[in-house]
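Biologist: Can you put the model up so we can go through it?
Modeller: Here it is.

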Amino acid sequence: MRKRENLTVETEAHVRRILIENGRAIGVEHSKGTARAAREVIVAAGAYGSPQLLMLSGIGPAEHLGAHGIEVLVENPNVGQHLQEHPMAFLNWRVSGDTLDDAAEPKYLLPWLLRGRGKLSSNIAEGVVHWRSDPSLPAPDFQIVQAPVYFWEHGFRKTGAPALTIGASYVGPESRGAVTLRSADPGDHPRILNNALTSPGEMEAMLRALEMVREIASQRPLRDLLGEELNPSASIRTRKQLTDWLRATCEHEYHPSCTCRIGSPGQGVVDAELRVHGVEGLRVADASAQPRIVSANTQAVTVMIAERCSDLVLARAGAAACNTRRLAEASRVSHRQSSTWLSIRVQVAPATQIFPSEPTGNLDAPFAPQRRALPSDGRAPSRGRFGSAIPPGRH
Ligand SMILES: Cc1cc2nc3c(=O)[nH]c(=O)nc-3n(C[C@H](O)[C@H](O)[C@H](O)COP(=O)(O)OP(=O)(O)OC[C@H]3O[C@@H](n4cnc5c(N)ncnc54)[C@H](O)[C@@H]3O)c2cc1C
């Protein structure tokens, strides 16, 4: 790939701003110089970097840009807004058995290099439950992940002793945060505010998930392996204590999304073809373009957005004929890498179903109205407690 004559890869180059002339993106200015675009500029700096770059280039909320002395080229209050994440709470126990806590010891390297075996062959989180915290929900809103290792404070805190972690990731969040500028200096990190668990009902859902995790841990045979509960700890039991604990310690699943979301000019940053509203020749293709965060890990959807973007660019360049084959091939690769519903949908669904020609509807409508009516006896409407059938339309 790198040998292609029409490809230049510039590493260690920090993009400072997009160059815009007469309403058209013509290139980028970066720490090593400039790069000119023959046709289009595609921004893929992630859900924090992409809105920062647009704002530094004069595309964003006018008042906010003005406060940092940036000339407004395209006013769009949605740039950097609607940030969504998956809040995640971790519970840990001491365990008596063997765990992955010592997996970094050199003795585990050789079995991995020679035979692909041993502790380094683990993906760490090998057991996952998809669970509805409310049986009336049409799809699971929690991903409960189990890992035989101590994981706390993003893995930076160690105890030196074997432990087990169960993490409850809230994959149906409603709360929205924002990415804003600290300054007009491209070298500054943007300001990130997640506002996690601030929408009504979210804390309740999280508390139900903690209860479920503790229930799982109380069942045999797992119960027999577990010792002291390290986090939250046996002394934290009441709703008030757990709420305070969550507010103080809740982490997230590294899934920032939606800060340059697909939507109409009033609601979004890019259109259904990932083109930035108000600027010619400029697209955003990364996790920030999701209209609403998926109820799953975000790598697969980002790959899908990227594949779709390349397809759109090629189509515009007059190469439509080869697109169907490329899309099919891309979805096969993506399906091999990750067997999520996303790649399957790329394979079977017409592209217009995934990227409608014009996004409609209220992107901020709460999830609650989509709930299905419960049977009168209160039982779950589908596959029981741990059922994970995902009906079309939720994601
Ligand atoms: C620790 C961790 C674990 C994860 N695990 C999983 C997982 O198991 N499964 C899963 O599905 N997802 C996982 N994710 C999420 C997944 O990695 C992201 O959803 C995905 O990478 C998003 O892709 P992106 O292109 O939007 O952004 P990124 O992958 O963040 O890519 C953006 C790139 O742009 C660069 N950049 C930003 N600004 C500039 C600038 N001004 N100039 C030049 N370059 C710039 C950044 O350095 C970065 O390299 C994980 C994320 C993290 C952080």
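**Helix α1 and its surroundings**

Modeller: Let me start with packing: the buried residues of α1 sit against β1 (15-21), β4 (41-43), β5 (59-60), α2 (62-67), β11 (178-180) and β15 (282-284). Bear in mind that this is a predicted model.

Biologist: Which residues of α1 are buried?
Modeller: They are A47, G49, S50, P51, Q52, L53, L54, M55 and L56. That is 9 of the 11 residues of α1, so the helix is largely enclosed by the rest of the structure.

Biologist: What comes after α1?
Modeller: G58 follows α1, and its phi is positive, near 90°.

Biologist: What does M55 touch, leaving out residues up to four places away in sequence?
Modeller: M55 touches G60, L65, I70, V79, G80 and L181.

Biologist: And which residues touch the most other members of the largest nonpolar core?
Modeller: M55 again, along with V270, V284 and A289; the core has 70 residues. Domain 1 (15-83 + 256-354) and domain 2 (87-179 + 190-252) both contribute residues, so this core lies between them.

Biologist: Switching to the ligand. How many residues surround it, and which are the closest?
Modeller: There are 17 around the ligand, and the closest are G46, G49, D286, N297 and Q299. The elements giving two or more residues to that shell are α1 (46-56) and α7 (299-316).

Biologist: Which element gives the largest share of the shell?
Modeller: α1 does, with 4 residues. One of the closest residues to the ligand, G49, is also among the buried residues of α1.

Biologist: How does the shell divide into nonpolar, polar and charged?
Modeller: The shell has 8 nonpolar residues, 8 polar and 1 charged.

Biologist: You mentioned α7. Where is A306 found?
Modeller: A306 is in helix α7. A306 has 19 other C-beta atoms within 10 Å, and a residue counts as buried at 20 or more, so A306 is partly exposed.

Biologist: How far apart are A306 and D286?
Modeller: In sequence they are 20 residues apart, and in space the C-alpha to C-alpha distance is 6.5 Å. D286 is one of the residues closest to the ligand.

Biologist: On to the strands. How do β8 and β9 pair?
Modeller: Strand β8 (residues 127-131) and strand β9 (residues 142-147) are antiparallel, with 5 bridges. V129 has I144 in β9 as its bridge partner.

Biologist: What about β9 and β10?
Modeller: β9 also pairs with strand β10 (residues 163-170), in the antiparallel sense over 6 bridges. There, V145 stands opposite G167 in β10.

Biologist: And β2 with β3, how many residues lie between them?
Modeller: There are 2 residues between β2 and β3, which form a hairpin. Strand β2 (residues 24-30) and strand β3 (residues 33-36) run antiparallel and are joined by 4 bridges. V28 stands opposite A35 in β3.

Biologist: Last, the overall counts. How many helices and strands are there?
Modeller: The protein has 10 helices and 15 strands.

Biologist: What share of the residues is buried?
Modeller: Buried residues are 33% of the 395 in the protein.

Biologist: And what share of the contacts with a separation of 6 or more joins residues 24 or more positions apart?
Modeller: Residues that far apart account for 64% of those contacts.

How values were computed
Residues numbered from 1 in each chain as written. Predicted model: local features only at pLDDT ≥ 70, side-chain atom pairs only at ≥ 80, totals over all residues. Buried ≥ 20, exposed ≤ 12 C-beta atoms within 10 Å, placed from the backbone. Contact = placed C-beta atoms within 7 Å. Pairing = 2+ DSSP bridges. Near = placed C-beta within 6 Å. Nonpolar A, V, L, I, M, F, W, Y, C, P; charged D, E, K, R; others polar. Core = buried A, V, L, I, M, F, W, Y, C linked by C-beta atoms within 7 Å. Domains from an automatic or database assignment.
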